[in-house]
Amino acid sequence: MKVIITKDDHEMSVKAAEMIVEQVKQYPQSLLALSTGSTPIGTYQELVKLYQANQVDFSKAKCLNMDEYLGLNHQHLQGYYYFMNKHLYQYVNFQENNLFGPDAMNENIEESAREFDERIQQEGGIDLILLGIGRDGHIAFNMPDEKLQLKTHAQKLSDATIQDNARFFNSIEEVPTHAITIGINQLFNSKKVIMIANGENKSEIIRELLKLDTISTKLPASLLKIHPDFTLIIDQEAAKLL
Ligand code: GLP
């Protein structure tokens, strides 16, 4: 595990964007898995800048959404597909059929999960994953628990996560209580994993993540500590308790 502490959010974003661009330059057909949330927005802005400066070409690359709230379609303003389109897809040159995610509208959610895992397999697995981290240590929507699911699955969201994510909705009642999320297996099998964290509200979980000499399903992000190519990029605020 490699830890990079940057002076601020901007430097964190630049560093993460550079690593993604490096991946696509080296392997133009890479399958990327890019996270939602407030943390990666700066990274996507940097990616757009680099694309506009002809530093990267996404025409052969593929990109997936790792999770989605159940019942939200691609047009929903709080949906994760909409988020990626708003912050990245509309500005760069991914081919539309190279963008995918779990179908959160399918009433048969097991089928949707199976199809998503199959598509990842067909594409040859994930090459680079960019993750954020929840304040409770969740990754994508794999929440702290006694056991974690290996495959893509439906997930009940914790009250804390619903509260954290309510800031994106008009009211807390509008936040979906369930999501579909990629499982631990696909996350762990990604060839490269980058996690970014910024701001003081992530400092407690970053301290916990780095101080532990153990891994635990109660802190899903800790599993990545044994991934062979895991880079954690955090700004000074998130690093302030180290
Ligand atoms: C959600 C997403 C995660 C994300 C997390 C943290 O729960 N499913 O992928 O990492 O929020 O979001 P933020 O970056 O806004 O703190």
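**Note on the ligand site and the sheet**

1. The largest pocket is the space that the ligand takes up. Bear in mind that this is a predicted model.

2. The shell around the ligand mixes classes: eight residues are polar, four are nonpolar and three are charged. There are 15 residues around the ligand in total. Those that come nearest are Ser-38, Thr-39, His-138, Arg-167 and Lys-202.

3. Which side chains make polar pairs with the ligand? Ser-38 places a polar side-chain atom 2.7 Å from a ligand oxygen. Arg-167 has a side-chain N or O atom 2.7 Å from an oxygen atom of the ligand. Asp-67 addresses a nitrogen atom of the ligand instead, with a polar side-chain atom at 2.9 Å. The protein buries 95% of the 390 Å² that the ligand exposes when taken alone.

4. Now the sheet. It is open and has seven strands. The order is β1-β10-β9-β6-β2-β3-β5, and the pairing is parallel. Strands of a sheet pair through backbone hydrogen bonds, and the pairing can be parallel or antiparallel.

5. Which strands form the edges? They are β1, residues 2–6, and β5, residues 99–100. Each of these pairs on one side only.

6. At the β5 edge, the partner is β3, which spans residues 62–65. Two bridges join β3 and β5, and the two strands run parallel. Within this pair, Leu-64 stands opposite Phe-100 of β5.

Terms used:
Residues numbered from 1 in each chain as written. Predicted model: local features only at pLDDT ≥ 70, side-chain atom pairs only at ≥ 80, totals over all residues. Heavy atoms only, no water. Near = heavy atom within 4 Å. Polar contact = N/O pair within 3.5 Å; in protein donor to acceptor, adjacent residues only side chain to side chain. Areas by Shrake-Rupley, 256 points an atom, 1.4 Å probe, with all protein chains shown as cover. 1 Å grid on protein atoms, 1.4 Å probe; cavity = no way out; pocket = protein on both sides within 12 Å on 5 of 7 lines; lining within 4 Å. Sits in = over half its atoms within 2 Å of the grid points. Nonpolar A, V, L, I, M, F, W, Y, C, P; charged D, E, K, R; others polar. Pairing = 2+ DSSP bridges. Helix = DSSP H or I, 4+ residues; strand = E, 2+ residues; numbered from the N terminus.
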